[in-house]
Amino acid sequence: MSDWRSEDETTRLNILSSRHLSSFDRTHSKSPTLDAADLPPPTPLTLISDPQNPLLIFHCFLFVKGREHQVRIELNDADETALSVGSRDEVLPEGFIGEALNRAQLFFDDELSLLLRPQESTLRRRLRQSTSVQEFADELLILVERVYVEHVDQVGLPAVDYYRRILVDLEEIGWQSVTHICTDTLRTIDISLPDSSGRVHTLHLKLPVDYPASSPHCECALPSPFDPTWHSTSGLVDVVRQFEVTLQTYAQFWSEMENLDTRTLVLEPSAPTPADSCRRIALARHASVELEIDPLKPRHIPRCRLIGPERVVAPLRETLNRNLNKWDFAANLYQNLCAVFDMHLPSSSSSSSSTTDDGTASDMATVDTEQLMEPCAICYQYRLGELPAPEVVCENDACSKPFHRSCLAQWLASAGGRVSFRTVFGKCPYCEHAIHTTI
């Protein structure tokens, strides 16, 4: 029997492993809901496999009425033994997927969960009758399209006071701040405002039919959720004012992150957003540090995790621990990191010198970014879709090949590696030196 669950943070979904797919598309990304007019012509159904667990987890993207919904299907862990056998063959054991679907768990985004809750018995019946994940995904798309039509008929249009109140609110906010509005229903509105440093931030508003009795749904790129206070007398003006206050709260954080992004070689994320409070920056070849910065105290000591082979990160760890007492809360994040690691942090700039905060030039060794961003020795890519940059490096000094965790895990498993406590052990594909990684 399937579990009925709602999930705020959904990820991608696969059908079999990547080698079973005719086109393995990892280009999708989470994005705010758009009006139909703003969307490119979408594929109604996209089904792709999870790189971390390609035979147990499947992600499905449904495009209905201009909206994108995400679903995750998890097969029962009890079938893991059978899967480990089937994963070595080009074809899974006959009838296996159909049996696993009977005990599958379904995870929906919040909106789709509410729409499909009355259809739980139908979904369970479809799971029992389907012989493959693809067949169930096709049935799910048909069901969602039907439910959408029924839901629209039930909801109807807002009252006249709804439109009058919104127009009054937008007039007070200022039309110059309105960057998008759904002219058909006035149900979705984008408000763009600058922070104290001139960076522009957009607040996506989705209004309920009974607005202002119910609060609007807010989406924005902030390091923590934006949940404005709402009362019976509240309106869009109150939400926007709270958004302005929140922007000023994070202004210093964004300035610190911009400075760090400009003056260091950021390995992850590949395209930082205002919501990202973590950075992985390069320190040396095969060595990097993952920083978790407090958005409310961006100049305080961040949480640090050194990444790389022990022979490389051990001296860096000793230097960090020895120099932590040098941390100056009056200095910016970049200056403090240089001080505690006792180095000029590598930069993506090709020049061999940089300028300090007081305007003077400082010497910096020329950085070979190709060495610092060496690709995975299995897939030959530095970034593979949404996978993190290579984190595992062979401990053999004569080899030192870097690998994505998922690439290495799949390689070791296919070569008969030993699995214990979600860690797979085996030999380096190049030098046969002992190597391991988490699954």
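**Exercise 1. A side chain in a loop**

Which backbone nitrogen lies 2.9 Å from a polar atom of the side chain of Asp195? Find that atom, then place Asp195 in the fold and decide whether Asp195 is buried or exposed.

*Solution.* The model is predicted.

Step 1. The nitrogen belongs to Ser197: its backbone nitrogen lies 2.9 Å from a polar atom of the Asp195 side chain.

Step 2. Locate the residue. Asp195 sits in the loop between strand 7 (188-194) and strand 8 (200-206).

Step 3. Check the accessibility. Asp195 has 6% relative accessibility. Buried means under 20%. Asp195 therefore counts as buried.

Step 4. List the neighbours. Leaving out residues up to four places away in sequence, Asp195 touches His201, Leu247, Gln248 and Trp254.

**Exercise 2. Two packed helices**

Describe how helix 6 and helix 7 pack, and sort the residues of their contact.

*Solution.*

Step 1. Choose the descriptors. Packed helices are described by the angle between their axes and the distance between the axes.

Step 2. Read them off. Helix 6 (residues 160-173) and helix 7 (residues 236-249) pack at an angle of about 35°. Their axes are 8 Å apart.

Step 3. Name the residues. Helix 6 contributes Asp169, Leu170, Glu172 and Ile173. Helix 7 contributes Leu236, Val237, Val240 and Arg241.

Step 4. Sort them. The contact holds 5 nonpolar and 3 charged residues, and no polar ones.

**Exercise 3. A sheet of 4 strands**

Work out the strand order of the open sheet that holds strand 10, and find the helices on it.

*Solution.*

Step 1. The order is 10-11-12-13, with antiparallel pairing.

Step 2. Find the edges. Strand 10 (266-268) and strand 13 (303-307) each pair on one side only. The twist averages 35° from one strand to the next.

Step 3. Look at one pair. Strand 10 and strand 11 (residues 278-284) are joined by 2 bridges. Glu268 stands opposite Arg280 in strand 11.

Step 4. Add the helices. Helix 8 (residues 251-263) lies across strand 10, strand 11 and strand 12 (287-292), at about 30° to strand 11. Helix 9 (residues 310-323) touches strand 11, strand 12 and strand 13. The direction of helix 9 makes about 155° with that of strand 13.

**Exercise 4. A sheet of 3 strands**

Why is one side of strand 18 and of strand 20 left without a neighbour in the sheet?

*Solution.*

Step 1. Write the order: 18-19-20, antiparallel.

Step 2. Strand 18 (418-420) and strand 20 (434-438) stand at the edges with a single partner strand each, so one side of each has no neighbour in the sheet.

Step 3. Follow a pairing. Strand 19 (residues 423-427) and strand 20 share 5 bridges. Lys427 has Ala434 as its bridge partner in strand 20.

Conventions. Residues are numbered from 1 along each chain as its sequence is written. This is a predicted model: local features need pLDDT of at least 70, side-chain atom pairs count only at pLDDT 80 or more; totals for chains, interfaces and linings use all residues. Side-chain values use heavy atoms; hydrogens and water are left out. Axes are lines fitted to C-alpha atoms, for helices over the stretch in contact, and angles run from 0 to 180 degrees between N-to-C directions. Contact means heavy atoms within 4.5 Å. Ala, Val, Leu, Ile, Met, Phe, Trp, Tyr, Cys and Pro count as nonpolar, Asp, Glu, Lys and Arg as charged, and the others, Gly among them, as polar. Buried means under 20% relative accessible area, exposed over 50%, partly exposed in between (1.4 Å probe, protein chains only). A polar contact is a pair of N or O atoms within 3.5 Å; within protein, one must be able to donate a hydrogen and the other to accept it, and residues adjacent in sequence count only if both atoms are side-chain atoms. Two strands pair if DSSP finds at least two bridges between them.
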